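Visitor: I work at the bench and would like to know how the labels on a model like this come about. Could you walk me through a few?

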Amino acid sequence: MTRRFGSTELPEEQEAALRRAVRLAWLTIGFLATAIVLMYLVMGSSQAMRTAWAEDLLSLIPPTAFLVGTHVTRRRPGPRHPYGYHRSVGVGHLVAGTALLTMGALLVWESASSLLAQEHPPVGVLVVLGQPVWSGWLMIAVLAYTAVPPVLLGRAKLPLARTLHDRVLYADADMNRADWMTAVAGIVGVLGIGVGLWWADAAAALVISFSILKDGVSNVRTATVALMDARATTVEGDEPHPLVAEVDGHLAAVPWVAQGRARLRDEGHVFHAECFVVPRDGRAPTLDEITALQRSVSDLDWKLQDVVVAPVPALPEELVPEAVDGRRDSERTSHHDAG
């Protein structure tokens, strides 16, 4: 059965990518469940282990948000939601980022407090199969178990996130790829306790906490910008999306169009495109010409779901780089004169 995002029918490549991404999300949740249980059983009083355990708990949010967002996005547009439910991806991204930001800040405070208080975490001995074993070795074994699989999962998800233009999946992949640093920091902290460096545990916890906080800040910033209808960007959120220039070039190549610019709004997986065109010689385009242009723009890429073509006497100022630069120069001059 063909999968859809709202009323958008996915091409074969995106359909296959979505199926694989869903499988990887469930696989991630399953792996994290085992990691969380094992981490809880061996963490003892180590601050680094508690922080790594908290990070694993937080790591459940992005794949869960992806699965929920994907399910909600499939709903077709209706009278109450005429644009569809694509924004559920942005909402899920913001929720995940906010959770990371909040917990990261709390964990940084807790880790820094432990370091300043010079707490000496005890790591005892357990009896395993009748033999005494230092608990630190069990901690290191669990941390090593959590190091490799997330990296492999993250690398597998990354191209799928770009194919689907899914920022929640990208955030999940990005966090997975960096999880090995959490494991290494935790191992260093536990080994530090073993050789008598009491501060190594809290320092490792602080490193992990800052990693969580960094992820939270980055994801909240990207999600907020997208929800505020900023110019459409790549899934990483740091470059204008190539479709912006592609649509502008397509409009400029239409014979009856003298000038044309598009305003692309990122709705989640898909874009809403408003194409402003100035007809040549001031003549009014026919309905057939407008319809043909609308369809040709839609055919450029599967992500262009809602395309509106608006004939105008002049392009909106914000879509003309020269006008925007002139306005900024004027504003700077007026501020300078006022000073």
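**Reading the labels**

Guide: Gladly! Tyr145 counts as partly exposed, at 35% relative accessibility. Please keep in mind that this is a predicted model.

Visitor: What makes Tyr145 partly exposed?

Guide: Buried means under 20% and exposed means over 50%. Tyr145 has 35%, so it falls in between and is called partly exposed.

Visitor: How many aromatic pairs are there?

Guide: The count comes to two aromatic pairs. In one of them, the ring centres of Phe31 and Tyr145 are 5.3 Å apart and the planes meet at 50 degrees.

Visitor: Why is the pair of Phe31 and Tyr145 called tilted?

Guide: Centres within 6.5 Å make a pair, and 5.3 Å satisfies that. Stacked needs planes under 30 degrees apart and edge-to-face needs over 60, so at 50 degrees the pair is tilted. Phe31 sits in helix α1 (residues 12-42) and Tyr145 in helix α5 (residues 135-145), so this pair links distant parts of the chain, 114 residues apart.

Visitor: And why is Phe31 called buried?

Guide: Its relative accessible area is 12%, and the cut-off is under 20%, so Phe31 is buried.

Visitor: What makes Tyr40 and Trp53 a tilted pair?

Guide: Their centres are 5.8 Å apart, which meets the limit of 6.5 Å, and the 40 degrees between their planes is neither under 30 nor over 60. Tyr40 lies in helix α1 and Trp53 in helix α2 (residues 47-58), so the pair ties together parts 13 residues apart in sequence.

Visitor: Are Tyr40 and Trp53 buried, partly exposed or exposed?

Guide: Tyr40 has a relative accessible area of 52%, which is over 50%, so Tyr40 is exposed. Trp53, at 23%, is partly exposed.

Visitor: How do you know that Arg75 lies over the face of Tyr85?

Guide: Arg75 is 5.4 Å from the ring centre of Tyr85. The distance limit is 6 Å, and the charge must also be within 35 degrees of the ring normal. Arg75 is listed as lying over the face of Tyr85.

Visitor: Let's turn to Asp266. Why is Asp266 called buried?

Guide: Its relative accessible area is 5%, against a cut-off of under 20%, so Asp266 counts as buried. Asp266 is in strand β5 (residues 257-266).

Visitor: What makes the meeting of Asp266 and His165 a polar contact?

Guide: Their side chains come to 2.9 Å, and the limit is within 3.5 Å for a donor and an acceptor. The backbone nitrogen of Gly268 also lies 2.9 Å from a polar side-chain atom of Asp266.

Note on methods. Residues numbered from 1 in each chain as written. Predicted model: local features only at pLDDT ≥ 70, side-chain atom pairs only at ≥ 80, totals over all residues. Heavy atoms only, no water. Helix = DSSP H or I, 4+ residues; strand = E, 2+ residues; numbered from the N terminus. Buried < 20%, exposed > 50% of the residue type's maximum accessible area, 1.4 Å probe, protein only. Phe/Tyr/Trp six-rings, centres within 6.5 Å; stacked < 30°, edge-to-face > 60°.
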